[in-house]
Amino acid sequence: MAKIRDERVIESLAKCVADCHRCIQACLASPDLDRLARCIKLNMDCAEMCELTARFIARDSENTFQVRDECEEICLYCAQECEKHAYIEHCRICAEACRECAKTCRVL
């Protein structure tokens, strides 16, 4: 049962990584690049933290829960920033993925 749960968490982490990278690329192409700079930086942090967390879960690290807690927090920061730009579709999608990922991490 734990293996199935772990796979679901890893899938949620992977979706968050992909949506963060899509948001980064779209923000970089925006004419409002200066206004979106913090969004880009937090997306980069979030994607990297989600990738790291997935690796810890996959290898059943004894430190998974510490990393998971940090991942949840960074996902929430990223979601909050993207929600400031929710009128932009890629930011809205990214915020949703980050919130879902944080929720999934919380129940791990």
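The following is a working chat about a predicted model.

Colleague: What should I know about the model before we start?

Modeller: This is a predicted model, in which local features need pLDDT of at least 70 and side-chain atom pairs count only at pLDDT 80 or more, while totals for chains, interfaces and linings use all residues. Residues are numbered from 1 along each chain as its sequence is written, and side-chain values use heavy atoms, with hydrogens and water left out.

Colleague: How far apart are the end C-alpha atoms of helix 2?

Modeller: They are 32 Å apart, which agrees with the 32 Å expected for the 22 residues of helix 2 (residues 37-58) at 1.5 Å a residue. The expected span is 1.5 Å times one less than the number of residues. Helices (H or I, at least four residues) are DSSP runs, numbered from the N terminus.

Colleague: Which residues of helix 2 are buried?

Modeller: Among them are Cys39, Ile40, Leu42, Cys46, Phe56 and Ile57. Buried means under 20% relative accessible area, with a 1.4 Å probe and protein chains only.

Colleague: And what happens just after helix 2?

Modeller: Aspartate 60 takes a positive phi of about 55 degrees there. Arginine 59 lies over the face of phenylalanine 56, at 4.4 Å from the ring centre. For that, CZ of Arg must be within 6 Å of the ring centre and within 35 degrees of the ring normal; NZ of Lys is the atom used for lysine.

Colleague: What does threonine 64 touch?

Modeller: Leaving aside neighbours within four places in sequence, threonine 64 is in contact (heavy atoms within 4.5 Å) with Phe56, Ile57 and Leu108. Threonine 64 belongs to helix 3 (residues 64-83), and its side chain reaches the backbone oxygen of serine 61 at 2.8 Å.

Colleague: Is threonine 64 buried or exposed?

Modeller: Threonine 64 is buried, because its relative accessible area is 7%.

Colleague: Turning to helix 1, which residues does serine 12 touch?

Modeller: Serine 12, placed in helix 1 (residues 2-28), touches Glu100, Cys101 and Thr104, not counting residues up to four places away in sequence. At 13% relative accessibility, serine 12 counts as buried.

Colleague: How many disulfides does the structure hold?

Modeller: Zero. Cysteine 75 is in no disulfide, and the nearest cysteine sulfur, in cysteine 46, is 3.6 Å away. A disulfide requires a pair of cysteine sulfur atoms within 2.5 Å.

Colleague: Why does cysteine 94 have no bond to cysteine 20?

Modeller: The sulfur of cysteine 20 is the closest cysteine sulfur to that of cysteine 94, but at 3.8 Å it is too far for a bond. Cysteine 94 counts as buried, at 0% relative accessibility.

Notes: Helices (H or I, at least four residues) and strands (E, at least two) are DSSP runs, numbered from the N terminus. Buried means under 20% relative accessible area, exposed over 50%, partly exposed in between (1.4 Å probe, protein chains only). A polar contact is a pair of N or O atoms within 3.5 Å; within protein, one must be able to donate a hydrogen and the other to accept it, and residues adjacent in sequence count only if both atoms are side-chain atoms.
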